[in-house]
Amino acid sequence: MDAAEPERLRGGPAEAVRDPELFEAFYRRHVDAVMRFVARRVDDPHTAADLTAEIFLAVLDSAHTYRPRLGSETAWLYGIARNVVSSERRRVAREAERDRRFSGRRLLEADDIVRIEDKLDAESPGRRALAALERLPEGERAVLELIVVDQLTIPEAAAALGIRQVTARVRLHRARKALRGEANSEATPRAVEPTPDTSLLYVRRGEA
């Protein structure tokens, strides 16, 4: 049986939003993967908890957009998660008073904070890898993030971003070329931190 079939038999997004029990099962099935996705992009447990909750709230409005033939539920959720995380970044950038970020925020229990901090620590290499990509154009960086950091296939990344597979391949090629050029330009000895490990660009699901 195809690995995706059990997911659909237990209720995909469209079915889940119409049935509280199915939605709870859907949430439990994917919450760890979504939390890891967020933890690769933020380093604050309260923010990580809030964004994870917002992503599943966004599922309620977006469930009708899921198409199994275009990729897994996880890849589809990553597309939603990228939008939620990007919106949060834009919101924070616009705020004049950063303290407003914390107004009205629910208090997390000590156990919740410890659990989320563990995920943040586990995903710190992913955050460092993403930081190395910041100078890339948005479109190229998005494809590389999903494929290298989030471990999606090229078809899944294309589906998550709503672009054609050929476009995803072109952007991936350009991103890798740019990072190789940057790594080569920084190859001369300098008294600074080591250059990020660009082997991540090639080693993935047997790719070399």
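The following exercises, each with a worked solution, concern the predicted model shown above.

Residues are numbered from 1 along each chain as its sequence is written, and side-chain values use heavy atoms, with hydrogens and water left out. Because the model is predicted, local features need pLDDT of at least 70 and side-chain atom pairs count only at pLDDT 80 or more, while totals for chains, interfaces and linings use all residues.

**Exercise 1. Describe the secondary structure and the share of buried residues in the protein.**

Step 1. Helices (H or I, at least four residues) and strands (E, at least two) are taken as DSSP runs, numbered from the N terminus. On this basis the protein has ten helices and zero strands.

Step 2. Buried means under 20% relative accessible area, exposed means over 50%, and partly exposed lies in between (1.4 Å probe, protein chains only). Of the 208 residues in the protein, 41% are buried.

**Exercise 2. Determine the span of helix α6 and work out which of its residues are buried and which are exposed.**

Step 1. The expected span of a helix is 1.5 Å times one less than its number of residues. Helix α6 (residues 110–122) has 13 residues, and its reach of 18 Å from first C-alpha to last is close to the 18 Å expected at 1.5 Å a residue.

Step 2. Ile116, Lys119 and Leu120 are buried in α6. They lie on the same side of α6 because they cover an arc of only 100° around the axis, the arc being that of the directions from the helix axis to the C-beta atoms.

Step 3. On the other side of α6, the exposed residues are Ala110, Asp111, Asp121 and Ala122.

**Exercise 3. Characterise the aromatic pair of Phe37 and Tyr78, and the surroundings of Phe37.**

Step 1. Rings of Phe, Tyr and Trp (its six-membered ring) pair if their centres lie within 6.5 Å; planes under 30 degrees apart count as stacked, over 60 as edge-to-face and the rest as tilted. The count by this rule is four aromatic pairs.

Step 2. Phe37 and Tyr78 form a tilted pair, with 4.7 Å centre to centre and 35° between the planes. This pair links distant parts of the chain, as Phe37 belongs to helix α3 (residues 20–39) and Tyr78 to helix α5 (residues 73–94), 41 residues apart.

Step 3. Both Phe37 and Tyr78 are buried. A charge sits over a ring if NZ of Lys or CZ of Arg is within 6 Å of the ring centre and within 35 degrees of the ring normal; Arg41 lies over the face of Phe37, at 3.7 Å from the ring centre.
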